[in-house]
Amino acid sequence: MSIDHDMQHDMQTVRDRALRKLLTHLSDSVTDQWDEIAPFQSTDYHDPAVAELERDRIFGEVPFIVAHSTELAGKNDFISVELPRNKAIVIRQKDGSVKAFVNACRHRGAELVTEESGKCRIFSCPYHRWSYDPDGRLRNVTLDNTFGEFDRSRFGLVELPVEERHGFVWIIDNARREIDVAAWLGPEMDEILAGFGIDRLVSIDPHTYRRPTNWKIMQDGFLDNYHVKYAHPNTAGKMLHTNAVAMEDYGRHFWFLTSRKSIDQFIGQDVTWDPSMVNHTIESCFLAPNTMLLKHATHIELLTFRPVGADPNESIMQMRVMAPTVEDSGLAEEHWEKRWKKNWDILISILHDEDFPILDGSQRVLSSMDAGTMLLGRNELASHLFRREVRRLVETAPEA
(Lines give C-alpha, C1' and ligand atoms only; values in the text may rest on other atoms or scores of the structure.)
Protein backbone atom coordinates (compact mmCIF):
# COMPACT_ATOMS: atom_id res chain seq x y z
CA MET A 1 0.00 0.00 0.00
CA SER A 2 1.45 3.37 -0.94
CA ILE A 3 1.38 6.09 1.72
CA ASP A 4 0.55 9.64 0.68
CA HIS A 5 2.51 11.85 3.09
CA ASP A 6 1.09 14.99 1.48
CA MET A 7 -2.52 13.93 2.01
CA GLN A 8 -5.20 16.40 3.04
CA HIS A 9 -5.87 16.34 6.78
CA ASP A 10 -9.34 17.86 6.51
CA MET A 11 -11.75 15.13 7.60
CA GLN A 12 -14.39 16.07 5.05
CA THR A 13 -11.82 15.35 2.33
CA VAL A 14 -10.70 12.14 4.04
CA ARG A 15 -14.26 10.88 4.42
CA ASP A 16 -15.17 11.84 0.83
CA ARG A 17 -12.17 9.96 -0.52
CA ALA A 18 -12.80 6.90 1.66
CA LEU A 19 -16.51 6.77 0.84
CA ARG A 20 -15.92 6.88 -2.90
CA LYS A 21 -13.21 4.25 -2.66
CA LEU A 22 -15.37 2.03 -0.46
CA LEU A 23 -18.30 2.14 -2.87
CA THR A 24 -15.95 1.21 -5.72
CA HIS A 25 -14.57 -1.66 -3.64
CA LEU A 26 -18.09 -2.96 -3.00
CA SER A 27 -18.96 -2.69 -6.68
CA ASP A 28 -15.80 -4.57 -7.70
CA SER A 29 -15.68 -7.00 -4.72
CA VAL A 30 -12.19 -5.83 -3.72
CA THR A 31 -10.59 -3.97 -0.80
CA ASP A 32 -7.51 -1.94 0.13
CA GLN A 33 -4.50 -4.27 0.16
CA TRP A 34 -0.99 -4.69 1.51
CA ASP A 35 1.83 -5.13 -0.99
CA GLU A 36 2.25 -8.88 -0.49
CA ILE A 37 1.22 -11.92 1.52
CA ALA A 38 3.27 -12.12 4.72
CA PRO A 39 4.29 -15.35 6.48
CA PHE A 40 4.43 -15.60 10.27
CA GLN A 41 5.24 -18.24 12.87
CA SER A 42 3.21 -19.56 15.78
CA THR A 43 6.07 -18.74 18.16
CA ASP A 44 5.03 -15.06 17.90
CA TYR A 45 2.17 -15.99 20.24
CA HIS A 46 3.69 -18.32 22.83
CA ASP A 47 7.38 -17.44 23.17
CA PRO A 48 8.06 -15.92 26.67
CA ALA A 49 11.09 -14.02 25.33
CA VAL A 50 8.90 -12.27 22.75
CA ALA A 51 6.30 -11.52 25.42
CA GLU A 52 8.91 -9.98 27.70
CA LEU A 53 10.13 -7.67 24.94
CA GLU A 54 6.57 -6.60 24.18
CA ARG A 55 5.85 -5.91 27.85
CA ASP A 56 8.88 -3.65 28.23
CA ARG A 57 9.43 -2.10 24.80
CA ILE A 58 5.77 -1.50 23.99
CA PHE A 59 3.78 -0.99 27.17
CA GLY A 60 6.74 0.34 29.11
CA GLU A 61 7.56 2.95 26.47
CA VAL A 62 4.46 4.43 24.83
CA PRO A 63 1.06 5.81 25.95
CA PHE A 64 -2.07 3.66 25.94
CA ILE A 65 -5.62 4.14 27.22
CA VAL A 66 -6.72 2.83 30.62
CA ALA A 67 -10.02 4.67 31.21
CA HIS A 68 -12.55 7.17 29.97
CA SER A 69 -12.54 10.41 31.93
CA THR A 70 -16.08 9.88 33.22
CA GLU A 71 -14.93 6.74 35.03
CA LEU A 72 -13.09 9.19 37.30
CA ALA A 73 -15.83 11.78 37.38
CA GLY A 74 -15.29 13.35 40.80
CA LYS A 75 -12.54 14.29 43.24
CA ASN A 76 -10.93 11.20 44.82
CA ASP A 77 -12.63 8.81 42.37
CA PHE A 78 -10.21 6.00 41.54
CA ILE A 79 -9.83 2.83 39.50
CA SER A 80 -7.31 0.03 39.97
CA VAL A 81 -5.82 -1.51 36.84
CA GLU A 82 -3.55 -4.44 36.11
CA LEU A 83 -0.93 -3.23 33.64
CA PRO A 84 1.71 -5.40 31.98
CA ARG A 85 4.54 -4.04 34.18
CA ASN A 86 2.73 -2.69 37.25
CA LYS A 87 -0.44 -2.92 39.28
CA ALA A 88 -1.69 0.67 39.37
CA ILE A 89 -4.14 3.08 40.97
CA VAL A 90 -5.47 5.98 38.87
CA ILE A 91 -7.17 8.72 40.91
CA ARG A 92 -8.78 12.11 40.29
CA GLN A 93 -7.09 14.88 42.27
CA LYS A 94 -8.84 17.73 44.09
CA ASP A 95 -7.68 20.18 41.38
CA GLY A 96 -9.32 18.03 38.67
CA SER A 97 -6.12 16.50 37.34
CA VAL A 98 -5.39 12.77 37.32
CA LYS A 99 -2.47 10.90 38.88
CA ALA A 100 -1.42 7.26 38.68
CA PHE A 101 0.59 5.27 41.22
CA VAL A 102 1.95 1.78 41.64
CA ASN A 103 -0.53 -0.02 43.88
CA ALA A 104 2.02 -0.95 46.56
CA CYS A 105 2.79 0.37 50.03
CA ARG A 106 6.36 1.68 50.25
CA HIS A 107 6.86 -0.11 53.57
CA ARG A 108 6.58 -3.82 52.79
CA GLY A 109 4.83 -3.78 49.43
CA ALA A 110 1.31 -4.69 50.51
CA GLU A 111 -1.48 -4.05 48.01
CA LEU A 112 -3.23 -0.81 48.93
CA VAL A 113 -6.37 -1.10 46.80
CA THR A 114 -8.23 -4.30 45.98
CA GLU A 115 -11.46 -2.76 44.68
CA GLU A 116 -11.83 -2.17 40.93
CA SER A 117 -13.12 1.34 41.53
CA GLY A 118 -14.36 3.66 44.26
CA LYS A 119 -13.78 6.93 46.05
CA CYS A 120 -10.97 7.32 48.56
CA ARG A 121 -9.71 10.26 50.64
CA ILE A 122 -6.81 8.26 52.03
CA PHE A 123 -5.03 5.05 51.01
CA SER A 124 -4.49 2.91 54.09
CA CYS A 125 -2.25 -0.16 54.00
CA PRO A 126 -3.98 -3.25 55.43
CA TYR A 127 -0.71 -4.68 56.75
CA HIS A 128 0.67 -2.02 59.13
CA ARG A 129 -1.71 0.89 58.45
CA TRP A 130 0.76 3.22 56.81
CA SER A 131 -1.34 5.73 54.88
CA TYR A 132 -1.04 7.95 51.82
CA ASP A 133 -2.85 11.03 50.54
CA PRO A 134 -4.60 10.88 47.14
CA ASP A 135 -1.65 12.81 45.67
CA GLY A 136 0.65 9.96 46.72
CA ARG A 137 2.40 11.62 49.66
CA LEU A 138 3.17 9.46 52.68
CA ARG A 139 0.72 10.64 55.32
CA ASN A 140 1.25 8.46 58.38
CA VAL A 141 3.72 5.89 59.71
CA THR A 142 2.18 3.93 62.55
CA LEU A 143 4.20 3.72 65.78
CA ASP A 144 6.75 5.97 64.12
CA ASN A 145 8.61 6.59 67.41
CA THR A 146 9.89 3.00 67.20
CA PHE A 147 10.19 2.63 63.41
CA GLY A 148 13.20 4.93 62.98
CA GLU A 149 14.00 8.11 61.10
CA PHE A 150 13.94 8.34 57.31
CA ASP A 151 13.16 10.92 54.63
CA ARG A 152 9.40 10.55 54.23
CA SER A 153 9.33 12.82 51.18
CA ARG A 154 11.19 10.10 49.26
CA PHE A 155 8.74 7.35 50.15
CA GLY A 156 5.46 8.47 48.74
CA LEU A 157 3.72 6.19 46.26
CA VAL A 158 5.67 5.56 43.06
CA GLU A 159 4.10 7.70 40.34
CA LEU A 160 3.47 6.54 36.78
CA PRO A 161 3.22 9.01 33.87
CA VAL A 162 -0.42 9.72 33.07
CA GLU A 163 -2.25 12.28 30.91
CA GLU A 164 -5.87 13.08 30.13
CA ARG A 165 -6.62 13.90 26.50
CA HIS A 166 -9.64 13.57 24.19
CA GLY A 167 -11.79 12.24 27.04
CA PHE A 168 -9.40 9.36 27.79
CA VAL A 169 -6.85 8.67 30.51
CA TRP A 170 -3.54 7.54 28.99
CA ILE A 171 -0.61 5.99 30.82
CA ILE A 172 2.93 4.76 30.18
CA ASP A 173 3.61 1.69 32.30
CA ASN A 174 7.07 2.85 33.37
CA ALA A 175 7.86 5.24 36.22
CA ARG A 176 11.03 6.42 34.44
CA ARG A 177 9.27 7.80 31.37
CA GLU A 178 7.50 11.07 30.52
CA ILE A 179 4.20 11.18 28.65
CA ASP A 180 3.13 13.35 25.69
CA VAL A 181 -0.03 11.94 24.14
CA ALA A 182 -0.31 14.56 21.37
CA ALA A 183 3.21 13.77 20.20
CA TRP A 184 2.48 10.04 20.26
CA LEU A 185 -0.76 10.41 18.29
CA GLY A 186 0.71 12.74 15.68
CA PRO A 187 -1.21 15.67 14.17
CA GLU A 188 -3.61 13.67 12.02
CA MET A 189 -4.87 11.24 14.66
CA ASP A 190 -4.87 13.93 17.34
CA GLU A 191 -7.15 16.00 15.08
CA ILE A 192 -9.42 13.05 14.32
CA LEU A 193 -9.94 12.23 18.00
CA ALA A 194 -10.58 15.88 18.82
CA GLY A 195 -13.31 15.95 16.17
CA PHE A 196 -15.11 12.94 17.67
CA GLY A 197 -15.99 14.89 20.83
CA ILE A 198 -15.34 11.90 23.08
CA ASP A 199 -14.85 14.19 26.07
CA ARG A 200 -18.56 15.07 25.87
CA LEU A 201 -19.66 11.43 26.13
CA VAL A 202 -20.09 9.18 29.14
CA SER A 203 -18.65 5.70 29.61
CA ILE A 204 -21.44 3.17 30.20
CA ASP A 205 -20.61 0.11 32.33
CA PRO A 206 -17.13 -0.76 30.98
CA HIS A 207 -16.36 -4.49 30.85
CA THR A 208 -13.04 -6.22 31.55
CA TYR A 209 -12.25 -9.74 30.35
CA ARG A 210 -9.23 -11.86 31.26
CA ARG A 211 -8.59 -14.26 28.40
CA PRO A 212 -6.30 -17.30 27.92
CA THR A 213 -5.15 -15.74 24.66
CA ASN A 214 -2.17 -13.71 23.47
CA TRP A 215 -2.98 -9.99 23.32
CA LYS A 216 -1.95 -9.80 19.65
CA ILE A 217 -4.42 -12.52 18.66
CA MET A 218 -7.13 -10.55 20.47
CA GLN A 219 -6.12 -7.29 18.78
CA ASP A 220 -5.97 -8.95 15.36
CA GLY A 221 -9.43 -10.40 15.84
CA PHE A 222 -11.00 -6.98 16.29
CA LEU A 223 -9.09 -5.34 13.44
CA ASP A 224 -10.22 -8.05 11.03
CA ASN A 225 -12.92 -7.27 8.45
CA TYR A 226 -12.29 -10.51 6.54
CA HIS A 227 -14.06 -12.79 9.07
CA VAL A 228 -17.35 -10.94 9.60
CA LYS A 229 -19.79 -13.01 7.54
CA TYR A 230 -18.01 -16.29 8.34
CA ALA A 231 -17.66 -16.00 12.13
CA HIS A 232 -20.85 -13.95 12.64
CA PRO A 233 -23.29 -15.20 9.98
CA ASN A 234 -26.43 -14.61 12.04
CA THR A 235 -25.38 -11.43 13.86
CA ALA A 236 -22.90 -8.84 12.59
CA GLY A 237 -22.61 -10.63 9.25
CA LYS A 238 -26.22 -9.84 8.46
CA MET A 239 -25.67 -6.12 8.85
CA LEU A 240 -22.05 -5.43 7.90
CA HIS A 241 -20.06 -5.87 4.70
CA THR A 242 -17.11 -8.25 4.74
CA ASN A 243 -13.68 -7.68 3.21
CA ALA A 244 -14.27 -4.08 2.13
CA VAL A 245 -12.08 -1.42 3.78
CA ALA A 246 -10.90 2.06 2.78
CA MET A 247 -7.80 2.97 4.77
CA GLU A 248 -5.79 6.08 5.67
CA ASP A 249 -2.34 5.17 6.99
CA TYR A 250 -0.75 7.71 9.35
CA GLY A 251 2.45 5.76 9.90
CA ARG A 252 1.91 4.71 13.51
CA HIS A 253 -1.88 4.79 13.73
CA PHE A 254 -4.52 4.42 11.04
CA TRP A 255 -8.12 5.33 10.26
CA PHE A 256 -10.45 3.25 8.11
CA LEU A 257 -13.99 3.16 6.85
CA THR A 258 -16.19 0.07 6.67
CA SER A 259 -19.90 -0.14 5.93
CA ARG A 260 -23.28 -1.48 6.78
CA LYS A 261 -25.16 -3.21 3.98
CA SER A 262 -27.56 -0.27 3.83
CA ILE A 263 -24.84 1.59 1.88
CA ASP A 264 -25.59 -0.55 -1.17
CA GLN A 265 -28.21 1.98 -2.31
CA PHE A 266 -25.35 4.37 -3.19
CA ILE A 267 -23.22 1.97 -5.24
CA GLY A 268 -22.70 3.37 -8.74
CA GLN A 269 -23.71 6.90 -7.70
CA ASP A 270 -21.52 10.00 -7.52
CA VAL A 271 -21.85 10.77 -3.81
CA THR A 272 -20.03 12.90 -1.27
CA TRP A 273 -19.90 12.58 2.46
CA ASP A 274 -22.69 14.21 4.41
CA PRO A 275 -23.91 13.67 8.00
CA SER A 276 -26.44 11.05 6.93
CA MET A 277 -23.58 8.71 5.93
CA VAL A 278 -22.93 7.91 9.61
CA ASN A 279 -26.00 5.67 9.40
CA HIS A 280 -24.39 3.51 6.70
CA THR A 281 -20.71 3.44 7.73
CA ILE A 282 -18.39 2.80 10.67
CA GLU A 283 -15.31 4.96 11.15
CA SER A 284 -12.56 3.05 12.95
CA CYS A 285 -9.20 4.06 14.35
CA PHE A 286 -6.31 1.89 15.41
CA LEU A 287 -4.49 3.78 18.14
CA ALA A 288 -1.12 2.12 18.55
CA PRO A 289 -0.12 0.05 20.32
CA ASN A 290 -3.28 -1.73 21.50
CA THR A 291 -6.57 0.06 20.86
CA MET A 292 -9.46 -0.21 18.43
CA LEU A 293 -11.99 2.65 18.34
CA LEU A 294 -15.24 2.37 16.36
CA LYS A 295 -17.45 5.39 15.74
CA HIS A 296 -21.07 4.45 15.16
CA ALA A 297 -23.99 6.76 14.47
CA THR A 298 -25.17 6.78 18.09
CA HIS A 299 -22.08 5.92 20.14
CA ILE A 300 -18.40 5.03 20.20
CA GLU A 301 -16.92 1.66 21.15
CA LEU A 302 -13.38 1.30 22.46
CA LEU A 303 -11.53 -2.00 22.75
CA THR A 304 -8.11 -2.27 24.36
CA PHE A 305 -5.83 -5.31 24.70
CA ARG A 306 -2.77 -5.80 26.87
CA PRO A 307 -0.70 -8.76 28.08
CA VAL A 308 -0.65 -10.03 31.64
CA GLY A 309 2.98 -9.46 32.59
CA ALA A 310 5.26 -11.41 30.29
CA ASP A 311 2.85 -14.32 29.93
CA PRO A 312 2.29 -14.89 26.20
CA ASN A 313 -0.80 -17.00 26.92
CA GLU A 314 -2.91 -14.51 28.84
CA SER A 315 -4.32 -11.06 28.15
CA ILE A 316 -6.74 -8.45 29.43
CA MET A 317 -9.38 -7.05 27.11
CA GLN A 318 -11.40 -4.01 28.09
CA MET A 319 -14.46 -2.87 26.19
CA ARG A 320 -16.15 0.49 26.59
CA VAL A 321 -19.31 1.98 25.17
CA MET A 322 -19.36 5.79 25.22
CA ALA A 323 -22.54 7.64 24.41
CA PRO A 324 -24.24 11.01 24.94
CA THR A 325 -25.52 11.64 28.44
CA VAL A 326 -29.21 11.23 29.23
CA GLU A 327 -29.63 14.99 28.89
CA ASP A 328 -27.81 15.23 25.56
CA SER A 329 -29.56 12.19 24.11
CA GLY A 330 -33.02 13.67 24.52
CA LEU A 331 -34.25 10.31 25.82
CA ALA A 332 -36.10 9.64 29.04
CA GLU A 333 -33.72 8.05 31.56
CA GLU A 334 -35.64 4.76 31.48
CA HIS A 335 -35.37 4.55 27.67
CA TRP A 336 -31.70 5.59 27.77
CA GLU A 337 -30.90 2.80 30.21
CA LYS A 338 -32.91 0.27 28.22
CA ARG A 339 -31.13 1.24 24.98
CA TRP A 340 -27.62 0.73 26.38
CA LYS A 341 -28.51 -2.42 28.27
CA LYS A 342 -29.79 -3.90 25.02
CA ASN A 343 -26.64 -2.73 23.21
CA TRP A 344 -24.41 -4.36 25.82
CA ASP A 345 -26.45 -7.58 25.79
CA ILE A 346 -25.89 -7.88 22.04
CA LEU A 347 -22.16 -7.11 22.28
CA ILE A 348 -21.60 -9.56 25.13
CA SER A 349 -23.47 -12.30 23.30
CA ILE A 350 -21.35 -11.87 20.18
CA LEU A 351 -18.13 -11.78 22.21
CA HIS A 352 -18.86 -14.85 24.31
CA ASP A 353 -20.62 -16.97 21.72
CA GLU A 354 -18.68 -16.14 18.56
CA ASP A 355 -15.40 -14.22 19.03
CA PHE A 356 -13.90 -15.68 22.20
CA PRO A 357 -14.20 -19.38 21.25
CA ILE A 358 -12.38 -18.80 17.96
CA LEU A 359 -9.63 -16.60 19.43
CA ASP A 360 -9.10 -18.84 22.47
CA GLY A 361 -8.91 -21.84 20.16
CA SER A 362 -6.28 -20.11 18.03
CA GLN A 363 -4.09 -19.66 21.10
CA ARG A 364 -4.45 -23.31 22.04
CA VAL A 365 -3.51 -24.69 18.64
CA LEU A 366 -0.71 -22.19 18.00
CA SER A 367 1.16 -23.83 20.87
CA SER A 368 1.45 -26.93 18.67
CA MET A 369 5.08 -27.71 17.92
CA ASP A 370 4.40 -28.39 14.23
CA ALA A 371 1.78 -25.75 13.43
CA GLY A 372 3.80 -24.67 10.41
CA THR A 373 4.15 -21.30 8.73
CA MET A 374 0.98 -19.19 8.71
CA LEU A 375 -0.08 -16.58 6.15
CA LEU A 376 -1.48 -13.06 6.40
CA GLY A 377 -3.26 -12.15 3.17
CA ARG A 378 -2.90 -8.93 1.21
CA ASN A 379 -6.54 -8.15 2.03
CA GLU A 380 -5.80 -8.20 5.80
CA LEU A 381 -4.36 -4.70 5.68
CA ALA A 382 -5.14 -3.59 9.24
CA SER A 383 -3.32 -6.58 10.69
CA HIS A 384 -0.26 -5.84 8.53
CA LEU A 385 -0.16 -2.26 9.83
CA PHE A 386 -0.63 -3.39 13.44
CA ARG A 387 2.23 -5.87 13.14
CA ARG A 388 4.42 -3.26 11.47
CA GLU A 389 4.09 -1.06 14.57
CA VAL A 390 4.65 -3.96 16.98
CA ARG A 391 7.85 -4.84 15.12
CA ARG A 392 9.03 -1.24 15.13
CA LEU A 393 8.52 -0.88 18.88
CA VAL A 394 10.05 -4.26 19.78
CA GLU A 395 13.09 -3.57 17.62
CA THR A 396 13.64 -0.11 19.18
CA ALA A 397 15.97 -0.37 22.16
CA PRO A 398 14.60 1.76 25.04
CA GLU A 399 16.55 4.62 26.55
CA ALA A 400 18.50 3.82 29.69
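Hi everyone. Two strands count as paired if DSSP finds at least two bridges between them. Keep that in mind while we look at β13 and β20: strand β13, residues 202–203, runs antiparallel to β20, and two bridges join them. Val 202 has Ala 323 as its bridge partner in β20. One thing to say early on: this is a predicted model.

Let's stay with β20. It has other partners too. β14 pairs with β20 in the antiparallel sense over five bridges, and there Arg 211 has Ser 315 of β20 as its bridge partner. With β19, β20 makes nine bridges, again antiparallel. If you want one spot to find on your screen, look for Arg 306, which stands opposite Ile 316 in β20. β19 and β20 form a hairpin, with two residues between the strands. Gly 309 sits in that turn and has a positive phi of about 55°.

Why is β20 described as largely enclosed by the rest of the structure? Because ten of its 13 residues are buried. Buried here means under 20% relative accessible area.

Now a second strand, β12, residues 168–171. Here is a helpful rule of thumb: in a regular strand the side chains alternate between the two faces of the sheet. Which residues of β12 lie on each side? Phe 168 and Trp 170 are on one side, Val 169 and Ile 171 are on the other, and all of them are buried. Both faces of β12 are therefore covered.

β12 has neighbours as well. β2, residues 64–68, pairs with β12 over four bridges in the antiparallel sense, with Ile 65 opposite Trp 170. β11, residues 162–165, is also joined to β12 by four bridges, and these two strands run antiparallel. Glu 163 is opposite Trp 170 in β12, while Val 162 has Ile 171 as its bridge partner. β11 and β12 make a hairpin with two residues between them, and His 166 in the turn has a positive phi of about 60°.

That brings us to backbone angles. Most residues other than glycine have a negative phi, and most peptide bonds are trans. So let's go looking for exceptions. Ser 29 has a phi near 55°, a positive value in a residue that is not glycine. You will find Ser 29 in the loop between α1 and β1. Leu 143 also has a positive phi, of about 50°, although it is not a glycine. Leu 143 lies in the loop between β9 and α3.

Are these residues buried or exposed? Exposed means over 50% relative accessible area. Ser 29 counts as exposed because its relative accessibility is 66%, and Leu 143 counts as exposed because its value is 65%.

For the peptide bond, go to Ala 288 and Pro 289. The bond from Ala 288 to Pro 289 is cis, with omega near 10°. Pro 289 is in the loop between β17 and β18.

Next, a helix. α9 covers residues 333–365, 33 residues in total, and reaches 46 Å from its first C-alpha to its last. That is close to the 48 Å expected at 1.5 Å a residue. Where does α9 bend? At Asp 355, by about 45°, and a proline, Pro 357, follows within four residues.

Last stop: the pockets. Rolling a probe the size of a water molecule over the atoms shows where empty space is left. The largest pocket has a volume of about 940 Å³. It is lined by 37 residues, and the closest to its centre are Ala 236, Leu 240, His 296, Glu 301 and Leu 347. Which element gives the most to this lining? It is our helix α9, with eight residues. The lining holds 17 nonpolar, 14 polar and six charged residues.

The second largest pocket has a volume of about 600 Å³. Of its 26 lining residues, the closest to the centre are Ser 80, Val 81, Glu 116, Thr 208 and Gln 318. The elements giving two or more residues include β14 and β20, so we are back with strands from the start of the talk. β3 gives the most, with six residues. This lining divides into nine nonpolar, eight polar and nine charged residues.

That's my tour. Thanks for listening!

Note on methods: Residues numbered from 1 in each chain as written. Predicted model: local features only at pLDDT ≥ 70, side-chain atom pairs only at ≥ 80, totals over all residues. Heavy atoms only, no water. Expected span 1.5 Å × (residues − 1). Bend = angle between axes of the 7 residues up to and from the residue. 1 Å grid on protein atoms, 1.4 Å probe; cavity = no way out; pocket = protein on both sides within 12 Å on 5 of 7 lines; lining within 4 Å. Points joined across faces, edges and corners; volume = space filled by probe spheres on them. Nonpolar A, V, L, I, M, F, W, Y, C, P; charged D, E, K, R; others polar. Buried < 20%, exposed > 50% of the residue type's maximum accessible area, 1.4 Å probe, protein only.
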